[in-house]
Amino acid sequence: MRMVLLGAPGSGKGTQGEKLVAHFGIPKISTGDALRAAVAAGTELGRKAKATMDAGELVANDIVIGIVEERLGQPDAQKGFVLDGFPRNTAQAQVLDAMLERLGQPPIDRAIHLAVDDEEIIHRLLDRAQKEGRADDKEDVIRNRIAVYNAETHPLLAYYEQQGKARTVQGTGGLDEIFSRITAALN
Ligand code: AMP
């Protein structure tokens with residue numbers, strides 16, 4: 001199973017992604033996690049990305065594409081994967097399709113869109129800010145990340161709809177309830 005999780009920041013992609021990992025035994029590839037690890041390790045890539053991430057903007061396509069290409073080439077990603085936070089714009093989605101072909105992997109099977117309304121998103125992210133203290137979970141940055149999502153990432157739903165791969169799942173309710181909706185939508 002090769003899948004893409006779409007949804008605003010705070011829609012539950014990370015949490016549901018972990019459940020999918022446990023269920024299917026495939027890795028989750030999160031460009032946000034990889035970037036935060038690079039920032040924490042103080043690598044050159046991390047230094048380049050930090051200010052952009054702190055502002056809630058998208059880092060350069062070539063940076064995240066490099067991360068994903070490297071990860072998709074690893075042995076554990078050959079039988080499937082869950083992409084969390086990538087692709088984030090149409091250019092990334094097109095590169096992903098071409099990359100899978102070049103790597104000799106089958107195409108994406110499903111893009112699952114977790115639908116959660118903006119007010120609930122802001123509420124969840126402010127709550128996460130208190131618990132985890134992420135640098136980009138501040139209200140003005142949160143609003144910017146939602147705006148960036150709506151402008152750049154949400155159009156990917158149409159991209160995957162055109163390929164017949166998109167499914168929208170209600171992202172509110174209990175975690176197990178949401179997970180059941182996702183597994184139903186994967187079939
Ligand atoms: P996330 O944890 O997925 O919300 O990502 C945190 C931040 O990392 C985003 O706000 C962006 O600054 C950056 N980021 C993560 N994934 C991507 C991507 N695919 N393209 C561009 N920037 C990204």
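This report describes the sheet, the salt bridges and the largest pocket of a predicted model.

## The sheet and its order

The strands of this predicted model include five that form an open sheet in the order β2-β3-β1-β4-β5, with parallel pairing. The two edge positions are taken by β2 and β5 (166–170), and because each of these has a single partner strand, one side of each is left without a neighbour in the sheet. Averaged over the sheet and with direction ignored, neighbouring strands are turned by 25° against each other.

Strands of a sheet pair through backbone hydrogen bonds, in either a parallel or an antiparallel sense. Here the pairing can be followed from one edge to the other, beginning with β2 and β3, which run parallel and are joined by three bridges; within this pair, Ser 30 has Asp 84 in β3 as its bridge partner. Strand β3 (residues 81–84) then pairs with β1 in the parallel sense over four bridges, and in that pairing Met 3 stands opposite Val 82, while Val 4 stands opposite Leu 83.

On its other side in the strand order, β1 pairs with β4 in the parallel sense, again over four bridges, and Val 4 stands opposite Ala 111 in β4. Val 4 can therefore be placed in both pairings of β1, since β3 offers Leu 83 opposite Val 4 and β4 offers Ala 111, with two strands counted as paired when at least two bridges are found between them. The last step of the order joins strand β4 (residues 110–115) to β5 through five bridges, the two strands running parallel, and here Ala 111 stands opposite Ala 166 in β5.

## Burial of the inner strands

What is the state of β1, covered or open? The strand is mostly covered, with five of its five residues buried. Both faces contribute to this result, with Arg 2, Val 4 and Leu 6 buried on one side and Met 3 and Leu 5 buried on the other.

For β3 both faces are likewise covered, with Phe 81 and Leu 83 buried on one side and Val 82 and Asp 84 buried on the other. Asp 84 is thus a buried residue of β3 and also the bridge partner of Ser 30, and Asp 84 appears once more in the salt-bridge network described below.

## Salt bridges

Side chains of opposite charge can pair when their charged atoms come close. A search of the whole structure finds 15 salt bridges, and one network of such contacts links Glu 18, Lys 28, Asp 33, Arg 36 and Asp 84. Within this group, the side chains of Arg 36 and Asp 33 meet at 2.9 Å, N to O. Because Arg 36 and Asp 33 are three residues apart in helix α2 (residues 31–41), about one helical turn separates them. Arg 36 counts as partly exposed at 30% relative accessibility, and Asp 33 also counts as partly exposed, at 38%.

Two further salt bridges involve buried residues. The side chains of Asp 137 and Arg 128 meet at 2.9 Å, N to O, and Asp 137 is buried, with a relative accessible area of 3%. The side chains of Arg 145 and Asp 136 meet at 3.7 Å, N to O; Arg 145 is buried at a relative accessible area of 9%, and Asp 136 is buried at 10%, both of which fall under the 20% limit for a buried residue.

## The largest pocket

Rolling a probe the size of a water molecule over the atoms shows where empty space is left. The largest pocket holds about 1,000 Å³ of space, and 47 residues line it, of which Pro 9, Gly 10, Arg 128, Arg 134 and Arg 145 are the closest to its centre. Two or more lining residues come from each of β1 (2–6), α1 (13–24), β2 (28–30), α2, α6 (118–132), α7 (139–153) and α9 (175–186), and α6 gives the most, with six residues. By class, the lining has 15 nonpolar, 17 polar and 15 charged residues.

The pocket and the salt bridges share some residues. Arg 128, among the residues closest to the pocket centre, forms a salt bridge with Asp 137, and Arg 145, also among those closest residues, forms one with Asp 136.

Definitions and conventions:
Residues are numbered from 1 along each chain as its sequence is written. This is a predicted model: local features need pLDDT of at least 70, side-chain atom pairs count only at pLDDT 80 or more; totals for chains, interfaces and linings use all residues. Side-chain values use heavy atoms; hydrogens and water are left out. A salt bridge is a side-chain nitrogen of Lys or Arg within 4 Å of a carboxyl oxygen of Asp or Glu. Buried means under 20% relative accessible area, exposed over 50%, partly exposed in between (1.4 Å probe, protein chains only). On a 1 Å grid over the protein atoms alone, a cavity is a set of points where a 1.4 Å probe fits but cannot get out, and a pocket is an open set with protein on both sides within 12 Å along at least five of seven lines; lining residues have an atom within 4 Å of a point. Grid points are joined across faces, edges and corners, and a volume is the space filled by probe spheres set on the points. Ala, Val, Leu, Ile, Met, Phe, Trp, Tyr, Cys and Pro count as nonpolar, Asp, Glu, Lys and Arg as charged, and the others, Gly among them, as polar. Axes are lines fitted to C-alpha atoms, for helices over the stretch in contact, and angles run from 0 to 180 degrees between N-to-C directions.
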